[in-house]
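Here is a short report on the chain shown below. Keep the sequence and the model side by side while reading.

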Amino acid sequence: MYAEQPGDHFWSSSAAFCDLDGDGWPDLYICQYVNWSWWNNPLCGGYTKDIKQDVCPPKQFDTRPHAVWRNKGDGTFEDVSQTCGLRIDYKKEKDNCGKGLGVVIVDVDGDGRPDIHIANDTTDHFLYMNKSTPGKILLEERGLSMGVARDHNGTPNGGMGTWAADWDGSGRPSIWVTNYESEYHGLYRSQPRTNGISFTFSTMAAGLTVIGPNYVGFGTGFLDIDHDGWEDIAISNGHVIHFPAHDNLRQKPILFLNVQRETKKGPERFFVDATSRGGSYFQSNHRGRGLALGDLNNDGKTDLVFFNVDEPVKILRNVSQDNNHWLGVELIGKDHRHVAGAKLILDVGGRKLHRYLLGGGSYLSAHDMRMVFGLGQETKVGTLTVEWPSGEPRTQTFQSKDLNIDKYNRLEQK
């Protein structure tokens, strides 16, 4: 016998902390997936008549509302999901709330307020633009109008993991989403417009279709593997159904390196498949899910932690053999302030490196909050500008004499 059937039950997935309303206290966004329960557990067959039962696809189920919890600053949170602008009316339209699996928080339009991107599974991705004021969280969903809701064919994808990074040196964060098989992963490149910004589906142009569409991507993240100053990509892959048509229940993880090529329009950035250079783990198959990033041994190289189905956790130490330098940064907010949502701009070698301290990111994972800048062969850096997510000063500049190369630097908001 089961307990009494719940009402608006919660199947939560990824979550992210960030100070959304600028009052100095970290708020919480929680994704919800679908309305599966023991009372809504249909029998779904496989891809052939011989397979009588398998995992039901997400389109079999309706959505349920996500949640936003505002930090009241007294050790408690209040649920503001009904008043902050979330899409919550699943009774009016069954896919209205989104089938959320990944969330990343980053300031996409440079207005000083962190925005929220949701990777939804088979429904439009969301981009909640932040219109909050201190003490009141207010969000406006604009994923479709800003170009991040669907792929190049105008089709919603099976989104799982998500990240944001300035991979092309534009000074703006692009949005990255890992998707289901028969779909390409989504790289949404930020584009300036007269009235703000929008995003363009740039997976093909960036060389990311070279791996084909047969992977089921989950955890992911951008990291500068070789400290050359350009951010690369790692992806954890693995199927979700028990009997996939391509017999690819276990799949290899993927590694992309960010490189430069010459075109008629001049040099441009794109990605090459470097999975064969990733070591033994990248040559074996896994039922991949979560992927967490962090420098576990404090050597300045970002390590990878893979969380797979029916396997022990796998910790991959970054042992890249390069002679490049790096600069590590640990941000400390004033008083109790959370630093997720901060933007860092480093002057080095005639370039400005833009890095974003994210809220959330990847899939069901949390990450090292320290930032690592790859410097290539540069032995000196210029100034480092930090745009804090809240508090005063909002912008702070640290001089080169106060920054130590090949070490972590603890920088405090004064």
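pLDDT is the predictor's confidence in each residue, from 0 to 100. This is a predicted model, in which local features need pLDDT of at least 70, side-chain atom pairs count only at pLDDT 80 or more, and totals for chains, interfaces and linings use all residues. Residues are numbered from 1 along each chain as its sequence is written, and side-chain values use heavy atoms, with hydrogens and water left out.

**Confidence**

The chain has a mean pLDDT of 94. Of its residues, 98% reach 70 or more. Residues 1-6 stay under 50. For that stretch the model has 6 contacts beyond four places in sequence; a contact means heavy atoms within 4.5 Å. Where pLDDT is low, the predicted coordinates should not be read in detail.

**Overall form**

The chain holds 1 helix and 27 strands. These are DSSP runs numbered from the N terminus: helices are H or I with at least four residues, strands are E with at least two. The C-alpha atoms fill a box of roughly 65 × 50 × 45 Å along the principal axes. The radius of gyration is 21 Å, which agrees with the value near 22 Å for a compact globule of 414 residues. That radius is taken over C-alpha atoms, and the globule rule is 2.2 Å times the number of residues to the power 0.38.

Of the 414 residues, 55% count as buried. Buried means under 20% relative accessible area, exposed over 50%, and partly exposed in between, with a 1.4 Å probe and protein chains only. The chain exposes about 18,400 Å², and carbon and sulfur atoms supply 49% of this area. Among contacts between residues at least 6 apart in sequence, 57% join residues at least 24 apart.

**Strand S5**

How many residues of strand S5 (residues 100-106) are buried? The count is 7 of 7, so S5 is mostly covered. S5 runs antiparallel to strand S6 (residues 115-120) and to strand S23 (residues 359-360). Two strands pair if DSSP finds at least two bridges between them. Val103 has Ile118 as its bridge partner in S6. Ile105 is matched with Gly359 in S23.

**Two open sheets**

One open sheet has 4 strands in the order S9-S10-S11-S12, with antiparallel pairing. Its edge strands are S9 (162-165) and S12 (196-201), each paired on one side only. The twist averages 25° from one strand to the next. In this sheet, Val177 of S10 has Gly186 as its bridge partner in S11. S11 and S12 form a hairpin with 2 residues between them. Across that hairpin, Gln191 stands opposite Ser198 and Tyr188 opposite Phe201.

Another open sheet has 4 strands in the order S13-S14-S15-S16, again antiparallel. S13 (217-223) and S16 (266-273) stand at the edges with a single partner strand each, so one side of each is left without a neighbour in the sheet. Neighbouring strands are turned by 25° against each other on average, direction ignored. Leu223 has Asp232 as its bridge partner in S14.

The table lists bridge counts for antiparallel pairs.

| Strand pair | Bridges |
|---|---|
| S5 and S6 (residues 115-120) | 6 bridges |
| S5 and S23 (residues 359-360) | 2 bridges |
| S10 (residues 174-177) and S11 | 3 bridges |
| S11 (residues 186-193) and S12 | 6 bridges |
| S13 and S14 (residues 232-237) | 5 bridges |

Note on methods:
Axes fitted to C-alpha atoms, helices over the stretch in contact; angles between N-to-C directions. Areas by Shrake-Rupley, 256 points an atom, 1.4 Å probe, with all protein chains shown as cover.
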